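Let's take a friendly walk through one protein chain, stopping at a few places worth a closer look. Keep the picture beside you as you read.

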Amino acid sequence: MTLFWISTVVLSLAAILLIVLPFINKKANNDEMLRDELNKAFYKDRLVELEVEAEEGLVDNQQELIADLKQSLLDDVPTQKDTAKTQISTVGVVVPSVILVLVVTYGMYFQFGALDKVQHWQEVSSNLPELSKKLMSSEGGALTDDELEDLTLALRTRLHYQPKDSTGWLLLGRIALANRDAETAKDSMERAYKLEPKNEDVQLGFAQALMLSPDEADQNQARLILSRLIQNDYVDLRVFSLLAFDSFERQDYPGAVKYWSIMQQMIGPQDSRYEMLSRSIESAQKKMGDTMGVDQGKSVAVTLELAADVNADPKSVLVVSVHRADGSPMPIAAARYPLGTFPRTVVLDDGNSMMEGLKLSSLETLMVRARLDTDGNVSTRDGDWYGESEVVELGAPVTININKQY
């Protein structure tokens with residue numbers, strides 16, 4: 001704030017200098033000296049003219065004319081009183097002008113310069129550490145709307161001067177997430193991620209921001225980040241929460257049930273969130289029943305996982321097929337899907353049957369195979385990754401780990 005007032009003083013002095021400078025230059029020109037020089041030149045020219053006129057006989061009283069000329073020269077010399085009046089006149093212009101500049105400058109600023117907002121901005125900036133600790137400890141829940149606005153203002157100020165502060169970008173992103181500001185959240189979290197790509201809190205925040213984006217590419221990137229986080233020795237509960245929410249939104253209800261169940265195991269029945277998770281699981285199970293139709297138990301829900309050492313070609317196609325329990329190579333039902341992301345769940349029913357007169361719902365037991373087809377030709381298998389399930393009853397959930405290669 002002190003620097004601001006010093007700046008105003010410097011600018012005001014510059015304005016005053018512009019007013020005083022013309023008067024200084026006028027004094028430097030020395031008008032009296034210039035007038036004396038002009039009078040002397042005029043006097044000498046007139047003497048020469050009188051000399052010429054006397055020689056030509058045009059004047060008879062040359063000496064009297066010379067005397068009158070000298071008297072005129074003396075009369076034109078200003079007195080000290082006149083000089084003093086000129087100086088007083090200069091001061092009378094300069095001083096009021098300087099006062100007017102100061103009054104108008106500071107008066108206009110106090111009236112229209114939003115001084116109260118500037119002071120509030122300075123107070124908020126100084127209060128940044130306290131607000132940051134409050135946000136970090138409570139995930140923003142204990143902060144009022146005004147405090148969130150103040151914290152946002154303080155963070156933007158700090159990040160303007162310290163753009164490489166990853167913690168600041170992370171905090172700004174969390175505030176944006178709390179306000180459902182997807183664009184600001186994504187931009188802030190992305191900046192933090194670029195500065196600290198290995199920080200798990202930053203990775204989680206970035207994934208959460210990407211989940212809010214309507215862009216499918218952003219959502220896929222979020223799933224990729226979450227799939228890496230879930231492989232760590234310690235997995236934050238929020239990772240499973242995001243995966244469950246994403247699965248539910250994509251109508252992958254078995255996947256949502258899976259992640260919410262894991263969350264229940266992590267927190268235990270004594271946690272107040274346990275019942276809420278139970279209601280979420282019941283909702284997803286109901287959705288599973290609605291998705292499978294009235295013939296629930298006459299379809300197969302297959303959860304597909306990709307082994308960590310599998311380097312899948314992005315152009316691969318996922319082929320899922322249902323076979324007899326004896327492992328017959330001819331599929332009873334099959335479906336093709338884009339590669340997408342893993343883990344994922346797909347559902348096959350009679351609509352995917354391959355043989356006329358033989359429906360998937362007619363099987364009592366079955367096995368499921370999944371393959372990443374790299375060349376688009378199901379009859380060729382060289383280099384394709386695959387996995388298969390154990391024999392299960394129709395309607396039972398199936399999990400396949402794609403971890404083998406032909």
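## Tryptophan 385 and its strand

Tryptophan 385 sits in strand β6. This is a predicted model, so every value below is computed from it rather than taken from an experiment on the bench. Is tryptophan 385 buried or exposed? Its relative accessibility is 15%, and because buried means under 20%, tryptophan 385 counts as buried.

Now look for arginine 371. It stands 14 residues away from tryptophan 385 in sequence, while the two C-alpha atoms are 5.7 Å apart in space.

## Asparagine 403, a loop residue

Asparagine 403 belongs to the loop between β8 (398-402) and β9. With a relative accessible area of 33%, asparagine 403 is partly exposed.

Which residue 96 positions away in sequence has its C-alpha 5.1 Å from that of asparagine 403? The residue to find is alanine 307. Try tracing the chain from one to the other on your screen.

## Aromatic pairs

How many aromatic pairs does a search of the whole structure find? There are five. One of them joins phenylalanine 240 and tyrosine 259, with 6.4 Å from centre to centre and 35 degrees between the planes, and this pair is tilted. Phenylalanine 240 lies in helix α12 and tyrosine 259 in helix α13, so the pair ties together parts that are 19 residues apart in sequence. Both phenylalanine 240 and tyrosine 259 are buried.

Another pair is formed by tyrosine 386 and tyrosine 406, and this one is stacked: the centres are 4.2 Å apart and the planes differ by 15 degrees. Since tyrosine 386 is in strand β6 (residues 385-388) and tyrosine 406 is in the segment after β9 (404-405), the pair ties together parts 20 residues apart in sequence. Tyrosine 406 has a relative accessibility of 39% and therefore counts as partly exposed. Ring pairs also link Phe248, Tyr253 and Trp260 into a cluster.

## More on phenylalanine 240

Let's return to helix α12, where phenylalanine 240 lies. The relative accessible area of phenylalanine 240 is 8%, so this residue is buried. Isoleucine 230 is 10 residues from phenylalanine 240 in sequence, and their C-alpha atoms are 7.9 Å apart in space.

## An unusual angle at glutamine 251

Where does glutamine 251 lie? It is found in the loop between α12 and α13. At 54% relative accessibility, glutamine 251 counts as exposed.

The backbone here deserves a look too. Most residues other than glycine have a negative phi. Glutamine 251 has a positive value instead, with phi near 65 degrees.

## The cavity

A search of the whole structure finds one cavity of 30 Å³ or more. The largest cavity holds about 120 Å³ of space. Its lining is made up of 16 residues, and those nearest the centre are Leu243, Arg250, Tyr259, Phe342 and Pro343. Tyr259 is also the tyrosine of the tilted pair described earlier.

Which elements each supply at least two residues of the lining of the largest cavity? They are α11 (216-229), α12 (237-249), α13 (253-267) and β4 (344-348). By type, the lining of the largest cavity divides into four nonpolar, six polar and six charged residues.

Why does the largest cavity lie between domain 1 (154-289) and domain 2 (298-405)? Both domains give residues to its lining, so the cavity lies between them.

## A feature from the record

UniProt, in an unreviewed entry, places the feature "repeat: TPR" at residues 166-199. In the model, the chain over residues 166-199 is 79% helix and 0% strand. The C-alpha atoms at the two ends of residues 166-199 are 10 Å apart.

Key: Residues are numbered from 1 along each chain as its sequence is written. This is a predicted model: local features need pLDDT of at least 70, side-chain atom pairs count only at pLDDT 80 or more; totals for chains, interfaces and linings use all residues. Side-chain values use heavy atoms; hydrogens and water are left out. On a 1 Å grid over the protein atoms alone, a cavity is a set of points where a 1.4 Å probe fits but cannot get out, and a pocket is an open set with protein on both sides within 12 Å along at least five of seven lines; lining residues have an atom within 4 Å of a point. Grid points are joined across faces, edges and corners, and a volume is the space filled by probe spheres set on the points. Helices (H or I, at least four residues) and strands (E, at least two) are DSSP runs, numbered from the N terminus. Ala, Val, Leu, Ile, Met, Phe, Trp, Tyr, Cys and Pro count as nonpolar, Asp, Glu, Lys and Arg as charged, and the others, Gly among them, as polar. Domain bounds come from an automatic or database domain assignment. UniProt positions are given in the numbering used here, feature names are shortened, and annotations may be inferred rather than shown by experiment. Rings of Phe, Tyr and Trp (its six-membered ring) pair if their centres lie within 6.5 Å; planes under 30 degrees apart count as stacked, over 60 as edge-to-face and the rest as tilted. Buried means under 20% relative accessible area, exposed over 50%, partly exposed in between (1.4 Å probe, protein chains only).
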